[in-house]
Amino acid sequence: KSKKGDNIRVWVPGCATGEEAYSIAIIFAEMIETSQNHLNVQIFATDIDEDSIEYARAAIYPDSIAADISKERLKRFFIKEDSTYKVKKQIREMLVFATQSLIKDPPFSRLDLVSCRNVLIYMDTVLQKKILPIFHYTLNKNGYLFLGTSETIGGFSDLFTTFNSKWKIYKRLGEAIDRRLEYS
């Protein structure tokens, strides 16, 4: 349950061309409308690839997205232009896209949700062991971590508890750990 004017902060690291980040924004827009609670939603979507970030910022997708998005959502959240769909301004305004190295650059902080789906599978175990504590550090107490279907928290059951095993949603455990994150 939220209070009027509550802030929700989300980070989508490894956002590629933005589909996941826009999908999260659409879900929040629907939740806000249904609940009639006003929330200030800020979604930080990052990727190491500058070309992907530019594509995501443009918010223009081929009309083939109609196969994966309901007609209602297309009508409500997109503008049809020739053979493309552009994400409407109300959704785009929830997002900030930035180039960022998940490993080298400082993370965002005070987050309610980190949605890092299908990024960890491309990293070796050593990198995963560095990144999962970073996610814990960035999340608010009782924040959530959303991973891809082939990903897990591994040996970090002291940092996260399973909230929904089917969808790989984990809830942050414990107080903030006083540790210095190492960045070059």
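This report walks through the overall build of a protein, then its salt bridges, then two of its buried residues.

**The whole protein**

Keep in mind that you are looking at a predicted model. The chain folds into 5 helices and 10 strands. Along its principal axes, the C-alpha trace spans about 50 × 40 × 30 Å. Is that what you'd expect of a compact globule? What radius of gyration would a compact globule with 184 residues have? The answer is near 16 Å, and this protein has 17 Å, which agrees.

Now for inside and outside. Of the 184 residues, 40% count as buried. The accessible surface comes to about 10900 Å², and 51% of that belongs to carbon and sulfur atoms. Contacts also reach across the sequence: take those between residues at least 6 apart, and 68% of them join residues at least 24 apart.

**Salt bridges**

Here is the basic idea: side chains of opposite charge can pair when their charged atoms come close. In this model the count comes to 5 salt bridges. The table shows some of them.

| Pair | N to O distance |
|---|---|
| Glu54 and Arg57 | 2.5 Å |
| Lys80 and Asp63 | 3.7 Å |
| Lys89 and Glu93 | 3.7 Å |

Let's start with Glu54 and Arg57. Both sit in helix 2, which covers residues 50-58, and they are 3 residues apart, about one turn of the helix. Are these two residues buried or exposed? Glu54 is partly exposed, with a relative accessible area of 47%, and Arg57 is partly exposed too, at 39%.

The Lys80 and Asp63 bridge has its closest N and O atoms 3.7 Å apart. Lys80 belongs to strand 4 (residues 78-81), while Asp63 is in the loop between strand 3 (60-62) and helix 3 (71-77), so the pair ties together parts that are 17 residues apart in sequence. Lys80 counts as partly exposed at 43% relative accessibility, and Asp63 is partly exposed at 36%.

In the bridge between Lys89 and Glu93, Lys89 is exposed and so is Glu93.

**Two buried residues**

Next, look inside. Where does Thr138 sit? You'll find Thr138 in helix 5, which runs over residues 125-138. Thr138 has 0% relative accessibility, so it counts as buried, the limit being under 20%. Leaving out residues up to four places away in sequence, Thr138 touches Trp11, Pro107, Phe108, Ser109, Arg110, Leu111 and Val114. To get a feel for distance, try Phe44: that residue is 94 residues from Thr138 along the chain, and their C-alpha atoms are separated by 13 Å.

The other residue to find is Gln100, in the loop between strand 6 (95-99) and strand 7 (111-116). Gln100 is buried, with a relative accessible area of 8%. Which backbone oxygen lies 2.9 Å from a polar atom of the Gln100 side chain? That oxygen belongs to Pro106. With residues up to four places away in sequence left out again, Gln100 touches Trp11, Thr46, Asp47, Ile48, Asp105, Pro106, Pro107 and Phe108.

Compare the two contact lists and you'll spot some shared names. Trp11, Pro107 and Phe108 touch Thr138, and Trp11, Pro107 and Phe108 also touch Gln100.

Terms used. Residues numbered from 1 in each chain as written. Predicted model: local features only at pLDDT ≥ 70, side-chain atom pairs only at ≥ 80, totals over all residues. Heavy atoms only, no water. Salt bridge = Lys/Arg side-chain N within 4 Å of Asp/Glu carboxyl O. Helix = DSSP H or I, 4+ residues; strand = E, 2+ residues; numbered from the N terminus. Buried < 20%, exposed > 50% of the residue type's maximum accessible area, 1.4 Å probe, protein only. Contact = heavy atoms within 4.5 Å. Polar contact = N/O pair within 3.5 Å; in protein donor to acceptor, adjacent residues only side chain to side chain. Rg over C-alpha atoms; globule rule 2.2 N^0.38 Å. Areas by Shrake-Rupley, 256 points an atom, 1.4 Å probe, with all protein chains shown as cover.
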